Amino acid sequence: MQHDVLGIYLNDHLAGATVGADLARHLAHRHRHSARASLLERIADEIAQDRQSLLAIMDGLGVPAHRYKVVAGWAAERLRRLKPNGILQRHAGLDTVMELETLRLGVEGKSLLWLTLLAQAEKRTALDTAQLNRLLDRARTQLDTVEGLRRTAAAAVF
């Protein structure tokens with residue numbers, strides 16, 4: 001993998017991680033008084049930690065973070081919240097379903113990132129296979145958790 005291509009790839013994932021961390025925090029905050037609160041808070045904390053792990057991996061590989069991609073990811077998440085949901089002035093259950101589906105897609109993408117980096121670990125000594133395996137295992141657990149929350153939310157809405 002060429003260094004410049006790797007940098008683009010990692011920065012694209014960093015932008016996605018920014019969106020995912022912000023979305024997870026938004027979901028956790030909005031549902032802080034619900035039965036889902038502790039699960040959503042844990043997921044939000046883990047996704048923020050995973051983003052920090054990605055930044056550390058990028059630093060170890062000598063790949064600078066492109067702030068414009070981070071800002072674009074942050075802005076995209078804020079703009080997403082303006083999408084009409086059919087109900088004015090409050091959140092609808094459909095919002096939760098769509099947000100959980102978006103979060104699930106992001107976690108799936110993150111698991112593919114860890115798999116890609118694991119495949120490169122033999123060639124790049126800066127990559128720690130034990131750490132990447134832990135991150136991959138955590139992403140798989142997050143997928144299961146988010147999917148369970150999504151199914152419950154979808155059943156309530158539809």
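Which residue forms a salt bridge with Asp50? The legends below get to that pair after a quick overview.

**Figure 1. The whole predicted model, an all-helix chain.** Keep in mind that this is a predicted model, not an experimental one. The protein has five helices and zero strands, so reading from the N terminus you get α-α-α-α-α. Of its 158 residues, 44% count as buried. Look at contacts between residues at least 6 apart in sequence, and 81% of them join residues at least 24 apart. The protein exposes about 8,700 Å², with carbon and sulfur atoms supplying 58% of that area.

**Figure 2. Asp50 and Lys110, a salt bridge between helices H2 and H4.** Here's the partner from the opening question: Asp50 forms a salt bridge with Lys110, and the closest N and O atoms are 2.6 Å apart. Asp50 sits in helix H2 and Lys110 in helix H4 (residues 93-120), which puts the two 60 residues apart in the chain. Are these two residues buried or exposed? Asp50 is buried, and Lys110 is too. A search of the whole structure turns up 10 salt bridges, and the next two views show others.

**Figure 3. Arg25 and Glu41, a salt bridge between helices H1 and H2.** The two side chains meet with 2.7 Å from N to O. Arg25 belongs to helix H1 and Glu41 to helix H2 (residues 37-61), with 16 residues separating them, so to speak, as distant parts of the chain. Arg25 counts as partly exposed at 32% relative accessibility. Glu41 is partly exposed as well, with a relative accessible area of 35%.

**Figure 4. Glu147 and Arg104, part of a salt-bridge network.** In this view the side chains of Glu147 and Arg104 meet in a salt bridge, 3.0 Å from N to O. Glu147 lies in helix H5 (residues 129-157) and Arg104 in helix H4, so this pair ties together parts of the chain that are 43 residues apart in sequence. The pair doesn't stand alone: salt bridges with shared partners join Glu101, Arg104, Glu147, Arg150 and Arg151 into one network. Glu147 has a relative accessible area of 13%, so it is buried, whereas Arg104, at 28%, is partly exposed.

**Figure 5. Helix H5 and the cap at its N-terminal end.** H5 has 29 residues. From its first C-alpha to its last it reaches 41 Å, close to the 42 Å expected at 1.5 Å a residue. What caps the N-terminal end of H5? That's Asp128, which places a side-chain oxygen 3.0 Å from the backbone nitrogen of Ala130.

**Figure 6. Leu132, a buried residue of helix H5.** Leu132 is found in helix H5, and its relative accessible area is 0%, so it counts as buried. Which residues does Leu132 touch, leaving aside neighbours within four places in sequence? Its contacts are Ile57, Trp114, Leu117, Leu118 and Leu127. Take Trp114: it is 18 residues from Leu132 in sequence, but the two C-alpha atoms are 5.9 Å apart in space.

**Figure 7. Asn11, a buried residue of helix H1.** Asn11 has its place in helix H1 (residues 3-30). With a relative accessible area of 0%, Asn11 is buried. Setting aside neighbours within four places in sequence, Asn11 is in contact with Met58, Val63, Pro64, Ala65, His66 and Lys69.

Methods. Residues numbered from 1 in each chain as written. Predicted model: local features only at pLDDT ≥ 70, side-chain atom pairs only at ≥ 80, totals over all residues. Heavy atoms only, no water. Helix = DSSP H or I, 4+ residues; strand = E, 2+ residues; numbered from the N terminus. Buried < 20%, exposed > 50% of the residue type's maximum accessible area, 1.4 Å probe, protein only. Contact = heavy atoms within 4.5 Å. Salt bridge = Lys/Arg side-chain N within 4 Å of Asp/Glu carboxyl O. Expected span 1.5 Å × (residues − 1). Polar contact = N/O pair within 3.5 Å; in protein donor to acceptor, adjacent residues only side chain to side chain. Areas by Shrake-Rupley, 256 points an atom, 1.4 Å probe, with all protein chains shown as cover.
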